[in-house]
Amino acid sequence: MKGQPSVLGIVLAGGEGKRLWPLTADRAKPAVPFGGNYRLVDFVLSNLVNAGYVRLCVLTQYKSHSLDRHISTTWRLSGVLGDYITPVPAQQRLGPRWYTGSADAIYQSLNLVYDEHPDHIVVFGADHVYRMDPAQMVRQHIESGAGVTVAGIRVPRTEAKAFGCIDSDADGRITSFLEKPADPPHVPDDPEVTFASMGNYVFSTEVLLDALRADAADPDSVHDMGGNIIPMLVDRGVATVYDFSDNEVPGSTERDHGYWRDVGTLDAYYDAHRDLVSVHPVFNLYNQQWPIRTATPPLPPAKFIEGGTARESMVGPGSIISGGDIRGSVVSADVMVDDGAIVEDSVLLPGVRIGRGAVVRRAILDKNVVIAPGARIGVDPARDRESYTVSSGGVVVLGKGARAER
Ligand code: ADQ
């Protein structure tokens with residue numbers, strides 16, 4: 001709006017998500033379904049849109065068809081106020097090569113920045129489940145005068161190897177940034193806790209342009225935002241941290257204040273679903289003051305017949321539970337559970353069919369998986385390992401359209 005600094009949002013959504021395989025066998029990681037109704041990309045887009053950022057480019061690359069379709073249909077805006085949310089596929093604008101890394105993805109897409117000439121650019125990842133008001137981070141960025149502001153969160157030190165690790169001074173200026181170190185540093189007041197980058201950045205436009213150009217000219221760079229661009233700006237002394245625990249989202253509860261999960265592995269994806277179904281959910285999807293937005297299919301409400309039950313569970317529209325018993329599970333749209341079947345502590349994606357008397361425990365069943373009558377998943381670990389993917393935490397995963405026999 002008039003008088004406000006202009007902000008362009010770039011959402012990085014080209015990640016392959018190898019560690020989520022087989023859920024990413026057929027789709028980009030940001031398109032992986034989550035929480036019954038959503039896809040992962042809906043979380044970042046909801047946060048940006050709820051904060052009023054409606055000029056958003058979503059950079060895609062890897063197996064992007066379902067992601068492109070989801071963004072163009074679910075997130076289509078009218079455009080009358082100059083608003084847009086647009087998927088941008090890799091286009092080889094700078095020569096015959098795909099993106100070599102997340103920084104190269106932005107470098108190859110700089111025409112989007114030239115078209116918009118924003119004052120600031122918000123660069124967010126698309127792989128996380130969380131609720132955040134990015135406007136508060138942008139405000140801090142502008143007030144501090146930093147070149148880049150990096151969102152940071154305290155994580156257990158044992159998990160910090162997967163993240164960029166931040167050290168900062170009393171004013172929040174980042175003094176050191178180590179991308180995925182083998183031996184993560186800890187915060188001064190706790191040896192078990194590391195301050196980690198959430199992979200969400202706010203840049204002043206000129207600073208980003210200058211850093212990307214310098215990076216593109218560096219033959220030793222792998223052109224990664226966390227690996228190259230942020231360390232370069234830390235060295236230049238223009239990087240500041242934004243402490244995510246200061247972020248106040250309307251309607252958030254004491255329990256889910258500061259909730260953020262990187263669902264990059266099957267176990268993390270599974271655990272984040274467990275956070276949804278407890279009596280007092282660790283992550284509250286029912287917060288209508290900061291809704292997580294998506295489009296739901298035109299299906300009738302879930303139906304329970306023949307004594308079918310569900311406890312500590314979410315059940316999506318169009319699902320029919322006939323005589324089966326569901327506990328501690330997230331059941332998406334259009335799922336059928338037949339008489340005598342037991343579904344326990346599991347995540348069922350749309351279109352799953354569970355046959356009569358089947359048992360499914362601690363499992364993730366991708367779209368359209370069919371469990372034949374009497375088949376058992378999550379009951380005999382040796383057999384599960386022979387036939388299916390089993391995560392290091394012991395969760396059994398069946399890929400899209402797989403069929404389990406008795
Ligand atoms: P990672 O998530 O491991 O670490 P990366 O794989 O580069 O880093 O993914 C970052 C984002 O960029 C994701 O949303 C991904 O989908 C996207 N992306 C990856 N490659 C891309 C490409 N070629 N084109 C377009 N998009 C691409 C990052 C940071 C860490 C931080 C963690 C937090 O590097 O410092 O701690 O995120 O999860």
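Which residues does the UniProt annotation "domain: Nucleotidyl transferase" cover? The annotation, taken from an unreviewed entry, covers residues 9-276. The views below show a predicted model.

**View 1. The annotated span, residues 9-276.** Helix makes up 29% of this span and strand 26%. The C-alpha atoms at the two ends of residues 9-276 lie 28 Å apart. The name attached to the span, "domain: Nucleotidyl transferase", comes from the UniProt record.

**View 2. Polar atoms around the ligand.** An N or O atom in the side chain of Lys180 lies 2.6 Å from an oxygen atom of the ligand. Two residues take part through their backbones: a polar backbone atom of Gly14 is 2.9 Å from a nitrogen atom of the ligand, and a backbone N or O atom of Gly164 is 2.9 Å from an oxygen atom of the ligand. The ligand taken alone exposes 720 Å², of which the protein buries 86%.

**View 3. The pocket and the shell around the ligand.** The ligand takes up the space of the largest pocket. Two or more residues of the shell are given by each of helix 3 (102-107), strand 10 (174-179) and strand 11 (193-204). Strand 11 provides the largest share, four residues. Around the ligand there are 25 residues, and those that come nearest are Leu12, His128, Glu179, Lys180 and Ser197. By character, the shell comprises 11 polar, nine nonpolar and five charged residues.

**View 4. The peptide bond between Trp21 and Pro22.** The bond that joins Trp21 and Pro22 is cis, with omega at about 10°. Most peptide bonds are trans. Pro22 belongs to the loop between strand 1 (7-12) and strand 2 (33-34).

**View 5. The backbone at His117.** Where along the chain is the place of His117? His117 is found in the loop between helix 4 (110-116) and strand 6 (120-125). The phi of His117 is positive, about 30°, although this residue is not a glycine. Most residues other than glycine have a negative phi.

Terms used. Residues numbered from 1 in each chain as written. Predicted model: local features only at pLDDT ≥ 70, side-chain atom pairs only at ≥ 80, totals over all residues. Heavy atoms only, no water. Near = heavy atom within 4 Å. Polar contact = N/O pair within 3.5 Å; in protein donor to acceptor, adjacent residues only side chain to side chain. Areas by Shrake-Rupley, 256 points an atom, 1.4 Å probe, with all protein chains shown as cover. 1 Å grid on protein atoms, 1.4 Å probe; cavity = no way out; pocket = protein on both sides within 12 Å on 5 of 7 lines; lining within 4 Å. Sits in = over half its atoms within 2 Å of the grid points. Nonpolar A, V, L, I, M, F, W, Y, C, P; charged D, E, K, R; others polar. UniProt positions renumbered as here; feature names shortened; annotations may be inferred.
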